[in-house]
Amino acid sequence: PEQQAHLQEEVAAELKRQNAVLVAHYYTDPIIQALAESTGGCVADSLEMARFGSNHPAQTLVVAGVRFMGETAKILSPEKRILMPTLEATCSLDLGCPVEDFSSFCDAHPERTVVVYANTSAAVKARADWVVTSSCALEIVESLMDNGEKLIWAPDKHLGRYVQKETGADMLLWEGACIVHEEFKSKQLADMKSVYPDAAILVHPESPESVIELADAVGSTSQLIKAAQTLPNSTFIVATDRGIFYKMQQLCPDKQFIEAPTAGNGASCRSCAHCPWMAMNTLERVLECLRKGSNEVSVDPALIPRAIKPLERMLKFTS
Ligand code: 13P
Ligand code: SF4
């Protein structure tokens, strides 16, 4: 702990010295989230990370999260220097949607509006009409549907199915999944609920349909945090990455948060749901990238003018 405190001080001093700001996702290590908060940066969901980074005047952003979050920051602010604790932190949704295959899929359905999740590469975003995150997917798809548009949706099939079910939109779904959320199991979750009958179940919509069906609230990370604050229950079973417990516990110190069970671990599972790529963001690496100016995010400049359009459309729609 002493060493961690020392590292935190060093990062804070380096951020100040370089006029840089730390932007972290709710799934990162609580130490990083706390540091982002105490140094004037932000801890947020993927939508608000994008908005904060593009609105902030700092010329250097340190993005603690996964690759697509750093790329999104770069696309929205090409003139800024975007550093990441590691450039190796990817996402199974991004990996499962290579641009060549995705482009052929879009070419085969030229009459459809292309909606992609933020968890994609810059090249895939450049092929899209809209980018959405879990926070705004329902609203944006509803408005496109009201416009009579038929959609292509990629890459998350579970979120896609959820949006389709809620809105009734005509959507062709790509077959991607999040390796973390896909592990939540409805059978074990129902068993856990019988142990905690008064608990509310909170579920991120990247989870399978049978898990979503058991939820009292479904939503993005920020929406689940809001639900923890507003629902009257004192106990919550939470089906998303355990990094979120830091903010939930901070905002609701008197409530109890329990991790939803994942495959094979039954009700005794503690800490199974954690994104291996989010976990690569360590305090040591935050300091190192700042000190050395290493792990700077670069995006092919030829892609930026096309990739920025669907991102700006999303930010405008949600502002
Ligand atoms: P949010 O947009 O809800 O923060 O989700 C991002 C993500 O990667 C979830 O796994
Ligand atoms: Fe991707 Fe899932 Fe990790 Fe989020 S939790 S970054 S969707 S692999």
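## A tour from ligand 1 to Ile 244

Start at ligand 1, where the surrounding shell divides into two nonpolar, seven polar and two charged residues. Here Ala, Val, Leu, Ile, Met, Phe, Trp, Tyr, Cys and Pro count as nonpolar, Asp, Glu, Lys and Arg as charged, and the others, Gly among them, as polar. To display this shell, select Asp 45, Ser 46, Leu 47, Asn 119, Thr 133, Ser 134, Ser 135, Cys 178, Glu 206, Ser 220 and Thr 221. A residue belongs near a ligand if its C-beta atom, placed from the backbone, lies within 6 Å of it.

Two notes before moving on. This is a predicted model, in which local features need pLDDT of at least 70 and side-chain atom pairs count only at pLDDT 80 or more, while totals for chains, interfaces and linings use all residues. Residues are numbered from 1 along each chain as its sequence is written, and chains are lettered from A and ligands numbered from 1 in the order in which they are written.

**Next, ligand 2.** Which residues come nearest to ligand 2? Of the 13 around it, they are Val 66, Cys 91, Cys 178, Val 180 and Cys 275. This shell holds nine nonpolar, two polar and two charged residues. Keep Cys 178 highlighted: it also appears in the list for ligand 1.

**Then the helix pair.** Select α1 (residues 2–17) and α14 (residues 283–292), whose axes come within 10 Å and cross at roughly 30 degrees. That angle makes α1 roughly parallel to α14, a label given to angles under 35 degrees. Axes are lines fitted to C-alpha atoms, for helices over the stretch in contact, with angles from 0 to 180 degrees between N-to-C directions. Helices are DSSP runs (H or I, at least four residues), strands likewise (E, at least two), numbered from the N terminus. On the α1 side, show Gln 4, Leu 7, Gln 8, Glu 10, Val 11, Glu 14 and Leu 15; on the α14 side, Leu 283, Glu 284, Val 286, Leu 287, Leu 290 and Arg 291. Contact requires C-beta atoms, placed from the backbone, within 7 Å. Seven of these residues are nonpolar, two polar and four charged.

**On to Thr 39.** Look in the loop between α2 (30–38) and β2 (42–44). Beyond four places in sequence, Thr 39 touches Ala 12, Leu 15 and Leu 22.

**Last stop, Ile 244.** Find it in the loop between β11 (235–239) and α13 (245–251). Is Ile 244 buried or exposed? Buried, because it has 25 C-beta neighbours inside 10 Å, and the cut-off is 20 or more (exposed is 12 or fewer, partly exposed in between). Measure to Tyr 27: the C-alpha atoms are separated by 5.6 Å, although 217 residues apart along the chain.

Methods: Parallel < 35°, antiparallel > 145°, perpendicular 65-115°, else oblique. Contact = placed C-beta atoms within 7 Å.
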